[in-house]
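Open the model in your viewer and switch on a cartoon with side chains available. The stops below give selections to make in turn.

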Amino acid sequence: MSDLEFREARASDLEAIIRLHEEDTLGTHGDVWSEETRPAYEAAFAAIARSPENRLFVAVDGHEVVGTFQLTFIPNLTGRGALRVKVESVKVKASRRSGGIGGRMIAYAEQQARLGGARAMELTSNKTRTDAHRFYERLGYSRSHEGFKKKL
């Protein structure tokens with residue numbers, strides 16, 4: 001893991017990123033890379049790339065994408081106008097979990113948030129992800145809110 005590097009995702013990383021999401025058995029969103037689904041992912045990637053408030057990152061070891069996460073910068077009126085960042089879609093390749101990649105990704109995400117002027121970083125995690133909850137708590141995140149979602 002000495003070659004681990006973090007960079008903004010490129011279009012050529014898209015299949016590898018979706019393959020990381022395919023491995024997700026707990027919080028699955030039905031993600032699968034195929035010729036049928038590819039256009040939807042390409043459109044979403046293009047929208048993220050165009051948005052100044054969103055940044056999609058990959059963790060690369062050698063030439064292999066082993067992790068990904070997305071940062072969304074959110075202007076806010078509370079906290080005296082504090083900018084906050086939401087980190088989403090945090091994934092580490094299943095065969096590489098528990099090796100320190102996730103911790104390094106979150107540290108990098110926090111660094112990018114600070115560089116962007118954010119004063120807080122937040123995330124949500126599926127209630128079934130008890131291992132992830134312990135991981136985030138070890139990194140200093142607290143369970144400060146209850147989240148709600150509704151499909152539209």
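The tour goes from the main core to two helices, and the model is a predicted one.

**Stop 1: the main core.** Select Ala59, Phe69, Leu71, Val85, Ile101, Met105 and Met121. These are the residues with the most contacts inside the largest nonpolar core, which has 22 residues. Now colour strands S1 (4–8), S2 (54–61), S3 (64–74) and S4 (84–92), then helices H4 (101–115) and H5 (130–138); each of these elements supplies at least two residues of that core. Helix H4 gives the largest share, 6 residues.

**Stop 2: Ala59.** Centre on Ala59 and show its surroundings. Leaving aside residues up to four places away in sequence, Ala59 touches Leu4, Glu5, Phe6, Glu64, Val65, Val66 and Gly67, and also Ile101 and Met105.

**Stop 3: the second core.** Next, select Ile17, Tyr41, Leu56 and Val58. They are among the 13 residues of a second core, separate from the one at the previous stops.

**Stop 4: helix H2.** Select residues 38–50, which form helix H2. With 13 residues at 1.5 Å each, H2 should span 18 Å, and the distance between its end C-alpha atoms, 18 Å, agrees. Which residues of H2 are buried? Show Tyr41, Phe45 and Ile48: these are the ones. They lie on the same side of H2, because the arc they cover around the axis is only 60°. In general, residues three or four places apart in an α-helix point the same way, because there are 3.6 residues a turn. Add helix H1 (14–22), S2 and S3, which are included in what covers the buried residues of H2. Then turn to the other side of H2, where Ala40 and Arg50 are exposed.

**Stop 5: helix H4.** Return to H4 and check its length: 15 residues at 1.5 Å each should span 21 Å, and the end C-alpha atoms are 21 Å apart, in agreement. The buried residues to select are Ile101, Gly102, Met105, Ile106, Tyr108, Ala109, Gln112 and Ala113. Look down the axis of H4: these residues fall within an arc of 160°, so they line one face of the helix. What do they pack against? Show S1, S2, S3, S4, strand S5 (120–122) and H5, against which the buried residues of H4 pack. On the other side of H4, select Arg114 and Leu115, both exposed.

**Last stop: Gly117.** Follow the chain on from H4 to Gly117, whose phi is positive, near 90°.

Note on methods:
Residues are numbered from 1 along each chain as its sequence is written. This is a predicted model: local features need pLDDT of at least 70, side-chain atom pairs count only at pLDDT 80 or more; totals for chains, interfaces and linings use all residues. Side-chain values use heavy atoms; hydrogens and water are left out. A nonpolar core is a set of buried Ala, Val, Leu, Ile, Met, Phe, Trp, Tyr and Cys residues joined through side-chain atoms within 4.5 Å. Buried means under 20% relative accessible area, exposed over 50%, partly exposed in between (1.4 Å probe, protein chains only). Helices (H or I, at least four residues) and strands (E, at least two) are DSSP runs, numbered from the N terminus. Contact means heavy atoms within 4.5 Å. The expected span of a helix is 1.5 Å times one less than its number of residues. The arc is that of the directions from the helix axis to the C-beta atoms.
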